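Here is a friendly walk through one protein model, meant to be read with the structure open beside the text.

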Amino acid sequence: MPRVSEKPASFTGNSKKLQTQKETNMKKILAAAAISTAGLMPAEAETIEIRTNGSTPAVIGTADNFTGQAVISPLYPPTDMTRASTGLVNFAPGARTVWHSHPAGQMLIITGGQGWVQEEGKERRGINPGDVVWIPAGVKHWHGATAISPMAHIALSYMRDGKNVDWFEPVSDEQYR
């Protein structure tokens, strides 16, 4: 499946340089995520915990939080150690979140399909399997599938004062296009 491009088809820049820059940025994001949790992890884990697939029922996203069909499969709840709720979200073509922000930030790991993410006041950007998206605390944004492809991501939504998201208004069809 071809990747959704962030640049027009006529873009003729140095693709090797862009790929290197993208890899460097991804390494910085992953390093920051590792560092942010390093001080919270005990020197020795108590024991390994496995949450088996399907042990927590999936739910259909509500119209208050999504346009179109989105299925949320909770993977792991926030704890003192993880500080994030983790879930797999599957978006049908055209499905998307409403505008929202996260008081302590959010990381998306794109696992399938093709999607878009947009920060308020900026251009919509393509996201594809293997991409990692960091959304800083308080940044108003939306994300979802493209109009013709489903999209899936693992979302790590970090907690602050017992809260991990603030929901706002729906993304209009004009904004989505």
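A residue counts as buried under 20% relative accessible area, as exposed over 50%, and as partly exposed in between. Arg83, at 30% relative accessibility, is therefore partly exposed. Arg83 sits in the loop between β3 and β4, and its phi is near 60°, a positive value in a residue other than glycine. Asp161 also has a positive phi, about 50°, although it is not a glycine. This residue lies in the loop between β12 and β13 and, with a relative accessible area of 78%, is exposed. As background, most residues other than glycine have a negative phi.

## How far to trust the model

Please keep in mind that this is a predicted model. The mean pLDDT of the protein is 83, and 75% of its residues reach 70 or more. Two stretches call for care. Over residues 5–15, pLDDT stays under 50, and the model has three contacts beyond four places in sequence for them. Over residues 25–44, pLDDT again stays under 50, with 13 such contacts in the model. Where pLDDT is low, the predicted coordinates should not be read in detail.

## The sheet

Which order do the strands of the open sheet follow? Six strands are arranged as β1-β3-β4-β12-β7-β10, and the pairing is antiparallel. At the edges stand β1 (59–60) and β10, each with a single partner strand, so one side of each is left without a neighbour in the sheet. In general, strands of a sheet pair through backbone hydrogen bonds.

Strand β7 is a good place to look in detail. This strand covers residues 106–113, and six of its eight residues are buried. On one side, four bridges join β7 to the antiparallel strand β10 (residues 132–135). Within that pairing, Gln106 has Ile135 as its bridge partner, and Met107 stands opposite Trp134. Strand β7 is also joined by seven bridges to strand β12 (residues 151–158), again antiparallel. Here Ile109 stands opposite Ile154.

## Nonpolar cores

The largest nonpolar core has 16 residues, of which Phe66, Val89, Phe91, Leu108, Ile127 and Met151 touch the most other members. Strands β3 (70–76), β4 (84–91), β7, β10 and β12 each supply at least two residues of this core. A second, separate core has six residues, including Ala104, Met107, Val132 and Leu156. Met107 thus appears twice in this account: as a member of the second core, and as the residue opposite Trp134 in β10.

Phe91 is worth centring in your viewer. Leaving aside neighbours within four places in sequence, Phe91 is in contact with several residues, among them Phe66 and Met151, both of which are listed with Phe91 in the largest core. Other contacts of Phe91 include Gln69, Ala70, Thr97, His143, Pro150 and His153. Arg96 is on that contact list as well, and this arginine comes back in the next section.

## Salt bridges

How many salt bridges does the structure hold? There are six. Side chains of opposite charge can pair when their charged atoms come close. The table gives three of the pairs.

| Salt bridge | Closest N to O |
|---|---|
| Glu49 and Arg51 | 2.8 Å |
| Arg96 and Asp173 | 2.8 Å |
| Lys140 and Glu169 | 3.0 Å |

In the pair of Glu49 and Arg51, Glu49 is partly exposed because its relative accessibility is 45%, and Arg51 is partly exposed at 38%.

The salt bridge between Arg96 and Asp173 links distant parts of the chain: Arg96 is in strand β5 (residues 96–97) and Asp173 in helix α2 (residues 173–176), 77 residues apart. Is each partner buried or exposed? Arg96 is buried, because its relative accessibility is 3%, whereas Asp173 is partly exposed, with a relative accessible area of 42%.

The salt bridge between Lys140 and Glu169 also links distant parts of the chain, with the partners 29 residues apart. Lys140 lies in the loop between β10 and β11 (141–145), and Glu169 in the loop between β13 (166–167) and α2. Glu169 is partly exposed, with a relative accessible area of 37%. These two residues belong to a network of salt bridges that links Glu120, Lys140 and Glu169.

Notes
Residues are numbered from 1 along each chain as its sequence is written. This is a predicted model: local features need pLDDT of at least 70, side-chain atom pairs count only at pLDDT 80 or more; totals for chains, interfaces and linings use all residues. Side-chain values use heavy atoms; hydrogens and water are left out. Buried means under 20% relative accessible area, exposed over 50%, partly exposed in between (1.4 Å probe, protein chains only). Two strands pair if DSSP finds at least two bridges between them. A salt bridge is a side-chain nitrogen of Lys or Arg within 4 Å of a carboxyl oxygen of Asp or Glu. A nonpolar core is a set of buried Ala, Val, Leu, Ile, Met, Phe, Trp, Tyr and Cys residues joined through side-chain atoms within 4.5 Å. Contact means heavy atoms within 4.5 Å. pLDDT is the predictor's confidence in each residue, from 0 to 100.
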